[in-house]
Amino acid sequence: MKAIARTLVLGLALGLGVAQAASAQTTLRMTWYSDGNEGEVMADLLKRFESKNPDIKVVLDEVPFKAINETLPVQLASGQGPDMARVADLGGLARYMMDLRPYLKNAATWEANYGPFLKWMRVPGDTASIPGYMTQLTVTGPFVNKSLFEQAGIAMPGANATWQDWATAAKSVAAKTGAPFPLAIDRSGHRFFSLAIAQGAKVFDAAGEPAVVDDGFKRAAQLVVDWHKSGVMSKELWGSVSGAAYRGANEEFKNAQVVMYVSGSWQIGQFDKTVGDAFDWVAVPSPCGPANCTGMPGGAALVGIKATKHPAEVARVLDYLASEEIAGELYARALFVPGNLALAAKGIDYKAASAPAKAALKVFGAAVAKLDPVANQLQGYTNNRIIFNAVISRLGQTITGETTLDEAYGRITQDVAQQIAERNKK
Amino acid sequence: MTLPAPLGALTTLPLRLLDAPMRALQRAIGERRMPYVFLAPNAAFFGLFVFLPIAINLWFSVTGGPALFPSERPYVGAGQYAYLFECGSYIDPNSCREDHFWRGVANTAKFTAFQVVAMVGLSLVTAVVLNMKIRARGFFRAVYFFPVLLSPVVVALIWKWILQRDGLLNAAITAMGGDKILFFIDPNWAMFWAVLVSVWAHMGFYTLILLAGLQAIPADLYEAAEMDATPRFRVFRLITLPLLWPNMVVVIVLALIRGVQIFDEVYVLTGGGPGSATLMVVQYIYETAFSNQVQNFGLAAAASCVLGVVLFCLTLAQLAASRRKGA
């Protein structure tokens, strides 16, 4: 009897001990979206963090990209958001991000590794805060179905080919092979502006305020409308939905229906995994326009959220994830262009990548150095999504014949002004 | 049938437990006030989940800015409504400042008109056929009602798979030697399928209402007509239709309300495109409030108040129609 009682008391004590340890553990929530396998990699990295830091548990909430853009901002505005989130609208959500500096082991290392990208995450006027780190740097650019070119017996345009050169070649290839999409550009403002800036669009006036519609912009808009009329671009992307809805052609590219697909570096992982031996694909440098051959930079950052009740723990997680070793592992396993300057300088060893994926990463890596200053300025502009959305929505209407291009120009200017005014109402 | 004694005692236990406090309450406040005690829980529920959100929405519609909390939003008076209604001509959305709203209004009106006509017509024909003594009548009644049980999103996805470039319908067309039709890049096709899918999904419900009406028509009227050798069409026109009219009015008004509220099916099926050819008012409200970088809650709230007024009028019409039917 005494033995049973002793065992019970011991069990109770142990149980209480475990319960106390559990109650001392801080649970953090991280909202995350994935284009490829980065969610799996992050889950793996967090497990490793938890084993080294048993007092912190991180719950990874994987959500669609749409939820990051539409649901998360409402959550954050109501103060009910997660402790950390992976976001792409860096400027738009900057006001909800925390400054990690007081809690970081070495803020100077963060500045050195992520400095140029930190300004994308800051509210206007803030020049010092460290809200998070880049989980990936992206650059827009084209993927080409090389097999279709070979099948058509047409040579691929060279390194400094123009947008028109590629459009002409893609149309000829599609005509010979029966591919339904000669040139597919994601229905995204971000993608459109790589074309527009190459055509000479300046986007901002001398004071740094938006002046979206200029001659370069008009040249690009005219090209997109003409390409839809002539069948270079199918209306299934830009003409099939309304408003600022995103529509990509990654599925169509994977099904060998697209000759040239203008998207970005984040597609490499999924193409590497899904295309396999079905056909040969390559990434090529961004086509040139009269002004330059730029792509558009972008990316996603993992940031701490201001409303968190555990800022110190959030900083510990981010300190761990942003370290060279761990960030490098994420970039290498997810096939991302590194958003860490030290790692970019050293180069990433993409062990898991196939030969075409490695070649594509090299092309996109090289494109970073060729980015036009206007492209960088637009990416860093807080209200850039207002511009992107207005452009996509209004050009979409022109492509379907609802409005003329001149009407679209007027509407774009008006939409941008109205939305910025609305944002500034206090 | 009586319940076994222990079970009976168990079921009446809550009543017996409540009996004493209720009697005490009745003594305290008086018998005439007791109905309000019973109404209070429901009124509180309605107040919290219906009237309070309406009040908050009204407040949002007279405020501006991106803040979420009502207390942080600056008052702008009727500014949002003025912005919505700033038009050169209400029948030309291009002349309106907020042209997307007016495109939504025009599309919703077009969708509702086509949908009501198709819904009422097809439901009536189906109800009449299902009311006849045909073989496997029960089976067909179930078949027509089945889509009503499906979620609108599921319905839209099924039809999207049928209608897309490499969908079932295009496979059938190409198998017969035709060319693929890209239904979602042609404004007329997109609206046609939006209406058809909506009718397919909800027709069963309206058919059921009309079927109930048909079954309530006394059989002796038809027997008398048969004895007089009245032609079938005249029987339908002079007996069936007038006696079914109260049900028809309910169906028309319900279909109208549904048409004005349409969102989920069309949003998933066409995304409001091509261009804004199938952009409906509710989608406009949703996108204005949530999809833009600046979430314009004020403008979206104003548009939803306008929509609310339209729906309120239609609901009054439905109530009036139901009362007339009851009388």
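The domain assignment of chain B gives two stretches, domain 1 (5-49) and domain 2 (101-326), in what is a predicted model. The centres of domain 1 of chain B and domain 2 of chain B, taken over C-alpha atoms, are separated by 43 Å. The points below take up chain B as a whole, then its contact with chain A, and finally two helix pairs of chain A that share helix H17 (residues 384-399) of chain A.

**Chain B: elements and overall dimensions**

- The secondary structure of chain B comes to 13 helices and zero strands, so that the order of elements from the N terminus on reads α-α-α-α-α-α-α-α-α-α-α-α-α.
- For chain B the radius of gyration is 26 Å, whereas a compact globule of 327 residues would have one near 20 Å.
- Taken along the principal axes, the box filled by the C-alpha atoms of chain B is roughly 75 × 75 × 40 Å.

**Contact between chain B and chain A**

- The contact between the two chains draws 31 residues from chain A and 27 residues from chain B.
- On the side of chain B that touches chain A, the largest share comes from helix H12 (residues 281-291) of chain B, which supplies three residues.
- That same side of chain B divides into 12 nonpolar, 13 polar and two charged residues.

**Helices H8 and H17 of chain A**

- Two packed helices are described by the angle between their axes and the distance between the axes.
- The axes of helix H8 (residues 215-230) of chain A and helix H17 (residues 384-399) of chain A come within 10 Å and cross at roughly 40°, and H8(A) and H17(A) are therefore oblique to each other.
- The crossing in which H8(A) passes H17(A) is right-handed.
- From H8(A) the contact takes Ala221(A), Val224(A), Val225(A) and His228(A), and from H17(A) it takes Leu395(A), Thr398(A) and Ile399(A).
- The residues of this contact of H8(A) with H17(A) comprise five nonpolar, two polar and no charged ones.

**Helices H7 and H17 of chain A**

- The axes of helix H7 (residues 189-198) of chain A and H17(A) come within 9 Å and cross at roughly 85°, which makes H7(A) roughly perpendicular to H17(A).
- Here Gly189(A), His190(A) and Phe192(A) in H7(A) meet Ile387(A), Phe388(A), Asn389(A), Val391(A) and Ile392(A) in H17(A).
- The residues of the contact of H7(A) with H17(A) divide into five nonpolar and three polar, with no charged residue.

Terms used. Residues are numbered from 1 along each chain as its sequence is written. Chains are lettered from A and ligands numbered from 1 in the order in which they are written. This is a predicted model: local features need pLDDT of at least 70, side-chain atom pairs count only at pLDDT 80 or more; totals for chains, interfaces and linings use all residues. Two residues are in contact if their C-beta atoms, placed from the backbone, lie within 7 Å. Helices (H or I, at least four residues) and strands (E, at least two) are DSSP runs, numbered from the N terminus. Ala, Val, Leu, Ile, Met, Phe, Trp, Tyr, Cys and Pro count as nonpolar, Asp, Glu, Lys and Arg as charged, and the others, Gly among them, as polar. Axes are lines fitted to C-alpha atoms, for helices over the stretch in contact, and angles run from 0 to 180 degrees between N-to-C directions. Angles under 35 degrees count as roughly parallel, over 145 as roughly antiparallel, 65 to 115 as roughly perpendicular and the rest as oblique. A crossing is left-handed if the near helix is turned anticlockwise from the far one by less than a right angle, and right-handed if clockwise. Domain bounds come from an automatic or database domain assignment. The radius of gyration is taken over C-alpha atoms; the globule rule is 2.2 Å times the number of residues to the power 0.38.
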